[in-house]
Amino acid sequence: ALFITGGVTAFAVLSDDTWEVSQAILIRNHAVSEGGEPGEFRGLDPMRRAEDTIVEVCLSRHVLAKALEKVGPTDEDDAVEVSSWPSEEVIQELREGLSVETPNGAEFGTTEVLHIKLQDKQRKRALALIEAIFSGLQERTGELRDRRANEMLAEVDQMVQLARTDLDETTRKIKVIEEEAGGDV
């Protein structure tokens, strides 16, 4: 009993505390409201795709690097050169301490709520990082949504141009037929 107590005490003294913070997010489909309640997904597959996109964006180098730039290096990382901050190793460490999960073990695509969880050795830093990651996630998904909307608008503009060209060509052909037939049509 004394040996176990001594081992547990030594572990408690020598181990680093790890803080875990969590940010809940609610996913809504604001792009489509046809055939259901506003903001609802049309089924499990579109919701699952949206959640998979959020996971990928949240774990992306872009979002994590921006979060680390915003929060800055830890006391241990102060020796790191500012021009190389954040390094790939630091980004990978952050990625390993970060997870995106569904509540209560639910399957992805069956709930509109996700939890972004982060573990860090410093409580204040963990809170600042989760806030910066959430902010970066919102910004990046907004950029992706805007890019997708612009691509769709470009496709629609191209379809309109093709339709106008077809209309002009058909109108020209009808005009030729009318001129050939003369005024007795």
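The following exchange concerns a predicted model and the grounds for several descriptions of it.

Reader: What is the order of the elements in the chain?

Author: The chain has five helices and three strands. Starting at the N terminus, their order is α-β-α-α-α-β-β-α.

Reader: Why are helices α3 and α4 called roughly perpendicular to each other?

Author: The axes of α3 (residues 61-71) and α4 (residues 88-96) cross at roughly 105° and come within 10 Å. Angles of 65 to 115 degrees count as roughly perpendicular, and α3 and α4 are therefore given that description.

Reader: Which residues make this contact, and what is its make-up by class?

Author: Helix α3 contributes Arg61, Leu64, Ala65 and Leu68, while α4 contributes Glu88, Val90, Ile91, Leu94 and Arg95. By class, six residues in the contact of α3 with α4 are nonpolar and three are charged, with no polar ones.

Reader: What makes Asp120 a buried residue?

Author: Asp120 lies in strand β3, residues 113-120. Buried means under 20% relative accessible area; Asp120 has 16% and is therefore buried.

Reader: Which residues does Asp120 touch, leaving aside those up to four places away in sequence?

Author: With that exclusion, Asp120 touches Asp17, Thr18, Trp19, Arg125, Ala126 and Leu129. In addition, the side chain of Asp120 reaches the backbone nitrogen of Gln122 at 3.1 Å. A polar contact requires N or O atoms within 3.5 Å.

Reader: How much of the chain is buried, and how much area does the chain expose?

Author: Of the 185 residues in the chain, 25% are buried. The exposed area is about 13,400 Å², of which carbon and sulfur atoms supply 53%.

Conventions: Residues are numbered from 1 along each chain as its sequence is written. This is a predicted model: local features need pLDDT of at least 70, side-chain atom pairs count only at pLDDT 80 or more; totals for chains, interfaces and linings use all residues. Side-chain values use heavy atoms; hydrogens and water are left out. Axes are lines fitted to C-alpha atoms, for helices over the stretch in contact, and angles run from 0 to 180 degrees between N-to-C directions. Helices (H or I, at least four residues) and strands (E, at least two) are DSSP runs, numbered from the N terminus. Angles under 35 degrees count as roughly parallel, over 145 as roughly antiparallel, 65 to 115 as roughly perpendicular and the rest as oblique. Contact means heavy atoms within 4.5 Å. Ala, Val, Leu, Ile, Met, Phe, Trp, Tyr, Cys and Pro count as nonpolar, Asp, Glu, Lys and Arg as charged, and the others, Gly among them, as polar. Buried means under 20% relative accessible area, exposed over 50%, partly exposed in between (1.4 Å probe, protein chains only). A polar contact is a pair of N or O atoms within 3.5 Å; within protein, one must be able to donate a hydrogen and the other to accept it, and residues adjacent in sequence count only if both atoms are side-chain atoms. Accessible areas come from the Shrake-Rupley method with a 1.4 Å probe; for residues, only the protein chains shown count as cover.
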